[in-house]
Amino acid sequence: TDPSAGCHGGVDALGTRLRGGNVRDSRLVHTPRKCKYNDKIFKPGQKFQRGCDKCYCEEEGFFCITPMRPTSWPKKCKPIYMDCSYRIVYRSHPDKDCRAYSWVG
């Protein structure tokens, strides 16, 4: 895999949140060399979207943050996929959030 062609490489765990806490990020993927994606060159400080990944260009290359997805939740709840993120809601009250037991990225 050409590391300058996308967000592939080593993975480091993160514990931060994006978009005001609506999307949980699960991993940071750093790609050294140029900030190149889909034959487009990005300058340091620019950002771009790779599917649901949010990628950021820096002097050293670019890194991408992948949203997390839930893996387990109470039976009384269900996941709802929304714009590259998930919400866990009560089945009986889909307007109320429920807590997932675990997440993975």
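Are C55 and C64 buried or exposed? I looked that up before anything else, and C55 is buried, as is C64. A note to self before going on: this is a predicted model.

**Entry 1, disulfides**

I searched for disulfides and got 4 in the structure. I wrote up three of the links.

C55 and C64 are joined by a disulfide, with the sulfurs 2.1 Å apart. I checked the torsion about the S-S bond too: 105 degrees, a right-handed link.

Next I took C52, which is bonded to C84 with an S to S distance of 2.1 Å. The C52 and C84 link is left-handed, with -70 degrees about the S-S bond. I then asked where the two ends sit. C52 is in the loop between strand 6 and strand 7 (53–58), C84 is in the loop between strand 10 and strand 11, and the pair connects distant parts of the chain, 32 residues apart. C52 comes out at 27% relative accessibility, so I filed C52 as partly exposed. C84 has 17%, so C84 goes down as buried.

The third one I noted is C77 to C98, with S to S at 1.8 Å. This link is right-handed, at 60 degrees about the S-S bond. C77 belongs to strand 10 and C98 to the loop between strand 11 and strand 12 (102–104), so this disulfide ties together parts 21 residues apart in sequence. Both ends turned out buried: C77 has a relative accessible area of 0%, and C98 has 11%.

**Entry 2, backbone oddities**

Which residue in the loop between strand 10 and strand 11 is both disulfide-bonded and listed with a positive phi? That is C84, with a phi of about 70 degrees although C84 is not a glycine. C84 sits in the loop between strand 10 and strand 11, and its disulfide partner is C52.

D83 also has a positive phi, about 45 degrees, and is no glycine either. I placed D83 in the loop between strand 10 (77–82) and strand 11 (85–90). I flagged these values because most residues other than glycine have a negative phi. On accessibility, D83 reaches 57% and counts as exposed, whereas C84 is buried at 17%.

**Entry 3, aromatic rings**

How many aromatic pairs does a search of the whole structure find? The search gave 5. I kept notes on two of the pairs.

In the Y37 and F48 pair, the ring centres are 5.3 Å apart and the planes make 15 degrees; the cut-off for stacking is under 30 degrees, so I logged the pair as stacked. Y37 is in strand 4 (residues 36–37) and F48 in strand 6 (residues 47–50), so to speak a link between distant parts of the chain, 11 residues apart. Y37 is buried, with 17% relative accessible area, and F48 is buried too, at 9%.

Y56 and F63 have ring centres 5.3 Å apart and planes at 25 degrees, so I logged this pair as stacked as well. The accessibility classes split here: Y56 is partly exposed at 22%, while F63 is buried at 16%.

I also looked for clusters. Y37, F42, F48 and F62 form one aromatic cluster, and the stacked pair of Y37 and F48 belongs to that group.

**Entry 4, around Q46**

I spent the last look on Q46. What does Q46 touch, leaving out residues up to four places away in sequence? I found I41, C55, Y56 and C57. Two of those names are already in my notes: C55 from the disulfide to C64, and Y56 from the stacked pair with F63.

Q46 itself lies in the loop between strand 5 (40–41) and strand 6. With a relative accessible area of 37%, Q46 is partly exposed. The Q46 side chain reaches the backbone nitrogen of K43 at 2.6 Å. I also logged the C-alpha to C-alpha distance from Q46 to E58: 8.0 Å in space, for two residues 12 apart in sequence.

Note on methods
Residues numbered from 1 in each chain as written. Predicted model: local features only at pLDDT ≥ 70, side-chain atom pairs only at ≥ 80, totals over all residues. Heavy atoms only, no water. Phe/Tyr/Trp six-rings, centres within 6.5 Å; stacked < 30°, edge-to-face > 60°. Helix = DSSP H or I, 4+ residues; strand = E, 2+ residues; numbered from the N terminus. Buried < 20%, exposed > 50% of the residue type's maximum accessible area, 1.4 Å probe, protein only. Contact = heavy atoms within 4.5 Å. Polar contact = N/O pair within 3.5 Å; in protein donor to acceptor, adjacent residues only side chain to side chain. Disulfide = S-S within 2.5 Å.
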